[in-house]
Structure formats: structure tokens, C-alpha cells
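Q: I'm new to this structure and would love a close look at one part of it. Could you pick a good starting residue and walk me outward from there?

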Amino acid sequence: MNKLVGSFIERKSLSIDMDLPPPLENCILLLEQANELVYKLVNENIEHISAFPYWGPMFDMYEKNYEYCSGAVSLFLLAQLTPSEALCRTSIEGSINLEFVSIGDSMGNQIAYFKHYIATERNQNKNWKESVKNSEEPNENKEYHYQKIAAKDEALLQYECALRESLKLSDVDYDNSNLKWPNIFERFRALNKEVEYRTLYMALCSQAHNDAEDVLNKIMARVTANVSGMEKAQEVEQYLYSLFYILSTVRYHIYSSAMFIGKFEIKVKGLLVLYDKVMVELTDIAENLEDMVRQHITVNEL
């Protein structure tokens, strides 16, 4: 193996022998304890919850989001802080989706979720086809695209047919469900989290969209003439903010898990205890972050 390749793998591979700072170790522990508890509660109440037609897809949403959350933590462990933050955004949105579906008309919200996806993909196919038609691609290439578009349209039709027929078995009329799936801001607002959308979520969107903030911060570190330690301070700040985002992601995941399980009138006290423990870790970082960063900065006299 090439030495550079070997060095990359050695640096990026996870090891159980690594030393973890207490907040990070606690974060992982709480995530795993919550996941175990969710499965325990599901298994203990499976006969009861199986009677609800929306239970299965909601559990699929839970499992999918657990993987997103775990992936964000794993990237952080690999010192991939920026992509970790981008995945935190995906995980938090997944938690918001699960929490939103868990309140009110869960069946109607779930159908709206599915219909929104199908309508979005059909519109994308329409735009895709138009772009191919107007392109200067050879006819052979255009035909290839048209075949793929047709195949995708057929898959979407099959999704609808499967949903319609499976829900009919539970006396649910897919076509007569008229709830609209709100956009992400509206979902945050419906859950009384509008301020969190404007702060935490939008900060994570900056990373997901590769905005200029990080580059601007590096420029500022280089041009600030009378301050030493800026680069080290920024490194510490990024680590602490990324850790804060990871803990926030786990917080959202555990809370949405509690809402999901609680939808079926199952006691979720254990999950709320874990949620409170995450909040303790978050509060500690929030209260001490500025001091931990400032200690690396020295203002030199001009």
C-alpha cells in the first residue's frame, strides 16, 4: 500500500483505544442508551402499536435518523468537523420531521410527507426532461435520459399504488387525505422552535451549503495584526462549536424519539431523563465556550 494511503487510513480510522473528552463520551453514551430504550419500549408494546397504520413508517423514520445522528458523531470522531456539522443539519431536520409527524393527525401528516416527496420528484423529472430537450446532447444521449426519466416516473407511480393499496387495508383513503406538508421553517414554527430555526439550524445550513463563513474567519485570523493566537483560538472555537452541534443533534434525536414513542401512549420518562442529561452537557459548553476560546488570544500593544 502507498505510504500516503496508509497514513490517511491510519489517521482516519476509528479505534476504541482513543481518549474521549467527557462531553463527547457522554454524548455517545446517551445516544446509545436512548436507542436501546426505544427498542425496548417498542418490543414491550409491539402488539399495541402494531394496530396503528402509521407506526411502521414512523419507526422507519426513527431508524433512518438514528443513522444520520450516528454518522455525524462518527465524522466528528474522525476530526471531520465541517462535514460533521453538515450532517448534523440533516439529522436535526430528520428529528423535526419525526416530531412533526408525531403530533396531531399522524396519518394525515405522514401521507402529506409522502405526497410532497412524490410531487417534488415528478416536478424534477419534468424539469429534467425539459433540460435534456433543450440541450445540445446527441439524440442517443437524450434518449438515454428519456428512458431514465420514464423509469423514475414509473417508480413514483408504483410508490403511489403501493401506498394507496396498503392504506386501504387499514380503511385509510390515501387520495382523500388533503393535509399539506409544510416547509422546514413552518415545521419548526409549528413545534414552537422558530428561534432555534433562526439560530442553530441556519448556522448548520451554512456548512451544508458551503457558505463563505469559514473562509472569512481564516482571512480575519491572518489580517488581525495586533492579536496573537487567533488561529489556535479559531481551531478551539470550531471544535467546541462542532461538539455543541453534535450534542444538539443528539438532543433533537432523543426528544423526537420521546415524541414518537409517546404518540402511542407509552411512558417515555426514561428518554426524557436522557434528554435532560444532554442538556446539562450543552449548558456547560455554552457557559464556558467563550472563556475557553479567549484564553488562547493575546492582544499585543502597538
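**A walk outward from Gln33**

A: Let's begin at Gln33, a residue of helix H2, which covers residues 22-44. Please keep in mind that this is a predicted model. Is Gln33 buried, exposed or something in between? Its relative accessible area is 33%, and because buried means under 20% and exposed means over 50%, Gln33 counts as partly exposed.

From here we can jump a long way along the chain. Gln33 and Ile254 are separated by 221 residues in sequence, yet their C-alpha atoms are 9.8 Å apart in space. That kind of pairing fits the wider picture: among contacts in the protein chain with a separation of 6 or more, 78% are between residues 24 or more positions apart.

Ile254 also takes us into the interior. The largest nonpolar core has 70 residues, and Ile254 is listed with Ile92, Phe188, Phe260, Ile261, Phe264 and Leu271 as having the most contacts inside it. Helix H11, residues 230-262, supplies the largest share of this core, 13 residues. Take Ile261 as an example. Leaving out neighbours within four places in sequence, Ile261 is in contact with Val38, Leu41 and Val42, and also with Ile266, Val268 and Leu271.

Leu271 leads on to helix H12, where Leu271 is one of the buried residues, along with Leu274, Tyr275, Val278, Glu281, Leu282, Ile285, Leu289 and Val293. H12 runs over residues 269-294, and at 1.5 Å a residue its 26 residues should span 38 Å; the end C-alpha atoms are 39 Å apart, so the two values agree. Look along H12 to Asn288 and you will find a bend of about 50°.

Now for another corner of the interior, around Ser91. This residue belongs to helix H5, residues 81-102. With a relative accessibility of 0%, Ser91 counts as buried. Setting aside residues up to four places away in sequence, Ser91 touches Asn65, Tyr68, Cys69 and Thr249.

One of those partners, Cys69, raises a question: which cysteine sulfur is closest to that of Cys69, and why is there no bond between them? The closest is in Cys27, at 7.0 Å, and a disulfide needs sulfur atoms within 2.5 Å, so the two are too far apart for a bond. Cys88 is in no disulfide either, as its nearest cysteine sulfur, that of Cys69, is 7.4 Å away. In fact, the structure holds 0 disulfides. Cys69 counts as buried, at 1% relative accessibility, and Cys88 counts as buried at 1% as well.

A last stop is helix H9, residues 194-208. Its 15 residues should span 21 Å at 1.5 Å a residue, and its end C-alpha atoms are 20 Å apart, which agrees. H9 bends by about 35° at Tyr201. Tyr201 is also among the buried residues of H9, which include Tyr197, Leu200, Leu204 and Cys205. After the helix comes Asn210, with a positive phi near 55°.

Stepping back, the protein chain has 12 helices and 2 strands. Reading from the N terminus, the order is α-α-α-α-α-α-α-α-α-α-β-α-α-β. Of its 302 residues, 37% count as buried. The accessible surface of the chain comes to about 17900 Å², and carbon and sulfur atoms account for 53% of it.

Notes. Residues are numbered from 1 along each chain as its sequence is written. This is a predicted model: local features need pLDDT of at least 70, side-chain atom pairs count only at pLDDT 80 or more; totals for chains, interfaces and linings use all residues. Side-chain values use heavy atoms; hydrogens and water are left out. Helices (H or I, at least four residues) and strands (E, at least two) are DSSP runs, numbered from the N terminus. The expected span of a helix is 1.5 Å times one less than its number of residues. The bend at a residue is the angle between axes fitted to the seven residues ending there and the seven starting there. Buried means under 20% relative accessible area, exposed over 50%, partly exposed in between (1.4 Å probe, protein chains only). Contact means heavy atoms within 4.5 Å. Accessible areas come from the Shrake-Rupley method with a 1.4 Å probe; for residues, only the protein chains shown count as cover. A nonpolar core is a set of buried Ala, Val, Leu, Ile, Met, Phe, Trp, Tyr and Cys residues joined through side-chain atoms within 4.5 Å.
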